[in-house]
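Here are some short exercises to work through with the model open beside you. Try each task before you read its solution.

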Amino acid sequence: MTTSRRRFLAGGLRGAGLVALGGLACDSSRPHAGFLGLMERVNERFQAALFDPARLAPELSQGEETELAEYPKYKISEEFPVAPAGWSLAVTGLVARPLSLSLGDLERLPRTRTRVRHHCVEGWSAVASWEGVRLAEIARIAGMDPRARYVEFRSFDADYWSSWDLASALHPQTILAYGMDGARLPLEHGAPLRLYSAVKLGYKMVKYLTEVSFLPVRSGGYWEDRGYEWFAGV
């Protein structure tokens, strides 16, 4: 996100807050209703209009990587979850060829690497090198139906999940990552497979993946259903 865009969004949010204080009700128990829901929909349309599927985030140098021990870890489960026996990734929904892909299957697909800055909604950022397969390649192999407009991601980390707009999901820097910093993806960072992208905030990048589903309509997500922004673009 450019500096001018961030300032524009921040100004819009401040303006929205003033309007809310002027008397429009906000019910925190229903984050997608009323004024809050209205402003989310306005913000989503604005971010989608600004999104450029051809624009790439800057690739960084190896020297800018965050030390692995210092890279923040996150989970929903009480303990870091371990992949179930016989784990595979299911590719479902609006596809001509539903898939069940083992880690070996994924590693045999065209490989890509990216090293970009990770942005968290809590305000921190970090850098790692990620290795995996582009989600666009998965969509191609599965024969994604033209009616698909959204992609939903499910995990085995308790009930964590998220959904994305199709353009962001098919961005060249959106990958299903099985490697981090030149090694297999660590358990604490989502092994055996996680979603990673340069175009979304961290809570959209589902770890411990079990399913990718191409959908005609938008769904929600673990944090999105609790009031976090759905589009969450960077």
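**Exercise 1: a pocket**

The second largest pocket holds about 400 Å³ of space. Task: find which residues are the closest to its centre.

Solution. Of the 20 lining residues, the closest to the centre are Tyr-74, Cys-120, Gly-202, Tyr-203 and Lys-207. Next, sort the lining: twelve residues are nonpolar, three polar and five charged. Gly counts as polar here, and Tyr and Cys as nonpolar.

A word on the source: this is a predicted model, where local features need pLDDT of at least 70, side-chain atom pairs count only at pLDDT 80 or more, and totals for chains, interfaces and linings use all residues. Residues are numbered from 1 along each chain as its sequence is written, and side-chain values use heavy atoms, with hydrogens and water left out.

**Exercise 2: the sheet**

Task: work out the order of the five strands in the open sheet.

Solution. Start with the order, E2-E1-E10-E5-E6, with mixed pairing; strands pair if DSSP finds at least two bridges between them. Strands E2 (99-101) and E6 (161-165) each have a single partner strand, so one side of each lacks a neighbour in the sheet. Then look at E5 (residues 150-155) and E10 (residues 209-215): they run antiparallel, joined by six bridges. In E10, Leu-209 is the bridge partner of Ser-155.

**Exercise 3: helix H4**

Task: list the buried residues of H4 (buried means under 20% relative accessible area, 1.4 Å probe, protein chains only).

Solution. They are Leu-135, Glu-137, Ile-138, Ala-139 and Ala-142. Finally, step past the helix: Gly-143 follows H4 and has a positive phi, near 70°.

How values were computed: Helix = DSSP H or I, 4+ residues; strand = E, 2+ residues; numbered from the N terminus. 1 Å grid on protein atoms, 1.4 Å probe; cavity = no way out; pocket = protein on both sides within 12 Å on 5 of 7 lines; lining within 4 Å. Points joined across faces, edges and corners; volume = space filled by probe spheres on them. Buried < 20%, exposed > 50% of the residue type's maximum accessible area, 1.4 Å probe, protein only.
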